[in-house]
Amino acid sequence: MYDPLVNNYPGPAQPHVRSYWQATTSVDLPATQKYLPEHADIVVIGAGYTGLNAALELAQRFQQQVVVIDANQIGWGCSTRNAGFAMPGTGRLGYGDWEKRLGVDGTRAIKAEYDHAFERLERHLQACPQRLQAQRGGYLKIAHRPQAIDALKASYAILKRYEPGTRWLDADAIQKRVHSPQAHAAIHYPQSFGINPVLLAASLARQAQQAGVTLVEDAPVQRWDKVAQQHRLHTAKGRICAPKVVIASNGYTPNHLHPGIHGRSLPVLSSVIVTRPLTADEKAATGLHSTELVMDTRTLKYYYRLLPDGRLLFGGRGAIRGKDAQHPRYAKHLLAALQGTFPALRQLSSEPVEYYWSGWISVALDNYPRIYSPDDGIYTAMGYCGAGVTFTQLAGQRLAELAMGEQLPALPFYQGPLPRFPLPHLRRVGQWAFYQLARWRTF
Ligand SMILES: Cc1cc2nc3c(=O)[nH]c(=O)nc-3n(C[C@H](O)[C@H](O)[C@H](O)COP(=O)(O)OP(=O)(O)OC[C@H]3O[C@@H](n4cnc5c(N)ncnc54)[C@H](O)[C@@H]3O)c2cc1C
């Protein structure tokens with residue numbers, strides 16, 4: 001599997017990963033251009049949620065001539081591989097962390113920003129004939145062991161100030177919804193919902209194309225130089241020049257794409273399994289009769305949801321290196337974690353896992369993303385730490401505004417570059433040590 005810290009660039013022409021979403025969704029993707037134009041007002045690198053939202057905004061609101069290039073097909077990265085949890089927020093900081101840094105008013109401004117992201121997502125949902133196959137029901141954040149209850153309750157006391165619709169569920173209440181020895185209390189967030197990520201990528205691509213954006217696939221940027229005030233990108237489909245470039249390659253960004261962003265993100269593999277459809281008895285045994293999304297309180301979290309056809313999607317951390325991503329032990333590890341969560345599913349017949357796939361998320365050193373300009377005429381957004389389905393919808397808009405010289409809200413996401421990792425070449429060693437530590441802290 002492509003590895004951003006090892007390979008020079010992804011693609012070209014790598015097929016989509018074999019995911020449940022790709023196998024079960026029929027999508028209406030817009031036509032793409034065979035040939036790369038020589039010039040554009042703005043080139044966007046990466047046709048995921050971030051890049052497509054930026055391109056849509058640049059073409060629609062600012063009348064820019066935009067070319068989006070992707071190394072492979074549209075949405076080849078995380079934007080078609082994710083679990084489809086549309087949740088408030090991004091990164092790993094909660095309202096308690098933001099309150100300590102920004103006070104109550106600043107945290108309310110953060111919450112307003114998250115609401116804008118949801119509004120944009122709802123707009124894209126309306127633009128999709130299948131309404132993204134949205135499964136409404138909210139999201140449950142579950143204390144996976146008794147020792148996690150106090151910290152969860154303390155975070156709920158703060159959360160209520162910003163999201164009064166959230167509810168605390170004690171052990172009895174959560175056991176009625178999730179029959180698991182790893183469910184001791186929970187917070188219910190009603191605003192969240194599950195989506196089909198492939199439909200979202202397609203909806204965005206169609207909207208962008210209708211707004212006049214040129215989409216070019218199988219054109220990885222292989223080299224980048226500057227001629228006068230123009231950025232010149234050398235791709236597998238030829239060269240393109242533009243005064244402005246948006247880097248929207250996020251967790252897939254090759255290590256040496258541009259010196260302005262080098263060493264500021266850690267690409268981390270996140271993996272998912274999808275079971276065969278559960279029988280009525282198996283579903284009853286899990287208690288999961290609703291369409292709620294679930295995530296636990298582990299340092300390295302597990303998350304799960306029932307899919308529209310009754311399968312169980314279960315996700316968590318993956319391998320460290322791309323070359324290990326497909327090793328069966330990672331799917332086995334997720335199945336063991338699923339069966340630890342739902343012992344009633346230990347009897348799942350042989351071959352219970354029908355799909356297993358992984359993708360690269362971008363982790364920021366200080367746990368929250370940045371939208372900023374690393375160099376003249378270059379704009380980027382990355383570091384969502386695996387929470388990007390909702391926030392990328394807005395991040396793309398903010399990127400476009402930044403590229404057009406507009407003032408962004410005075411929020412930490414927009415006030416500086418991603419911090420550089422100390423000793424970036426040792427990022428993977430640090431990640432391995434963190435995983436070892438998390439194993440001991442969680443159990
Ligand atoms: C298994 C998994 C589960 C997840 N689940 C959730 C979830 O439930 N909820 C949530 O909020 N978030 C989730 N995420 C994270 C979420 O999917 C991402 O934050 C989001 O999709 C990022 O979108 P993006 O457009 O920024 O990047 P991506 O969608 O990753 O797009 C980057 C694109 O850049 C292209 N590219 C890279 N290098 C080059 C180059 N040199 N030239 C040209 N193109 C290039 C790639 O081909 C790729 O298509 C999950 C991620 C994974 C992997």
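**Conversation on a predicted model**

Student: Which backbone atom lies 2.9 Å from a polar atom of the side chain of His 258?

Tutor: The backbone nitrogen of Gly 260 lies 2.9 Å from a polar atom of the His 258 side chain. A polar contact is a pair of N or O atoms within 3.5 Å; within protein, one must be able to donate a hydrogen and the other to accept it, and residues adjacent in sequence count only if both atoms are side-chain atoms. This is a predicted model, in which local features need pLDDT of at least 70 and side-chain atom pairs count only at pLDDT 80 or more, while totals for chains, interfaces and linings use all residues. Residues are numbered from 1 along each chain as its sequence is written, and side-chain values use heavy atoms, with hydrogens and water left out.

Student: Is His 258 buried or exposed?

Tutor: His 258 has a relative accessible area of 10%, so it is buried (buried means under 20%, exposed over 50%, partly exposed in between, with a 1.4 Å probe and protein chains only). His 258 has its place in the loop between strand 13 and strand 14 (266-275). Strands (E, at least two residues) and helices (H or I, at least four) are DSSP runs, numbered from the N terminus.

Student: And what is His 258 in contact with?

Tutor: Apart from neighbours within four places in sequence, His 258 is in contact with Trp 224, Ile 247, Asp 375 and Ile 378; contact means heavy atoms within 4.5 Å.

Student: Ile 378 again, then: what is its bridge partner?

Tutor: Ile 378, in strand 20, is the bridge partner of Val 245. Strand 13 and strand 20 (residues 378-382) run parallel and are joined by three bridges; two strands pair if DSSP finds at least two bridges between them.

Student: Which sheet do strands 13 and 20 belong to?

Tutor: They belong to an open sheet of six strands in the order 9-2-1-13-20-19, with mixed pairing. Strand 9 (214-216) and strand 19 (370-375) are the edge strands, each with a single partner, so one side of each has no neighbour in the sheet. Neighbouring strands are turned by 20 degrees against each other on average, direction ignored. (Axes are lines fitted to C-alpha atoms, for helices over the stretch in contact, and angles run from 0 to 180 degrees between N-to-C directions.)

Student: How many bridges are there between strands 1 and 13?

Tutor: Strand 1 (residues 42-45) and strand 13 (residues 244-247) pair in the parallel sense over four bridges, and Val 44 has Val 246 as its bridge partner. Towards the strand 9 edge, strand 2 (residues 66-69) is joined to strand 9 by three bridges, again in the parallel sense. There, Ile 69 stands opposite Val 216.

Student: What about Arg 370, in strand 19? Buried or exposed?

Tutor: Arg 370 is buried, with a relative accessible area of 6%. Its side chain makes a polar contact of 2.7 Å with that of Asp 366. Arg 370 also touches residues more than four places away in sequence, among them Thr 380, Ala 381 and Met 382.

Student: Changing topic: which strands does helix 2 lie across?

Tutor: Helix 2 lies across strands 1, 2, 9 and 20, and runs at about 170 degrees to strand 2.

Student: How do helices 2 and 3 cross?

Tutor: The axes of helix 2 (residues 49-60) and helix 3 (residues 95-126) come within 13 Å and cross at roughly 85 degrees. The two helices are therefore roughly perpendicular to each other (under 35 degrees counts as roughly parallel, over 145 as roughly antiparallel, 65 to 115 as roughly perpendicular and the rest as oblique). Asn 53, Leu 56, Glu 57 and Gln 60 of helix 2 make the contact with Arg 120, Arg 123 and His 124 of helix 3.

Student: Where is Thr 107 found?

Tutor: Thr 107 is found in helix 3 and is buried, with a relative accessible area of 0%. A polar atom of its side chain lies 2.7 Å from the backbone oxygen of Gly 103. Not counting residues up to four places away in sequence, Thr 107 touches Tyr 95, Trp 98, Glu 99, Leu 102 and Tyr 162.

Student: Last one: where does Arg 321 lie?

Tutor: Arg 321 lies in the loop between strand 17 (312-317) and helix 8 (328-341). Arg 321 is partly exposed, with a relative accessible area of 38%. Arg 321 and Leu 269 are 52 residues apart in sequence, with their C-alpha atoms 7.8 Å apart in space.
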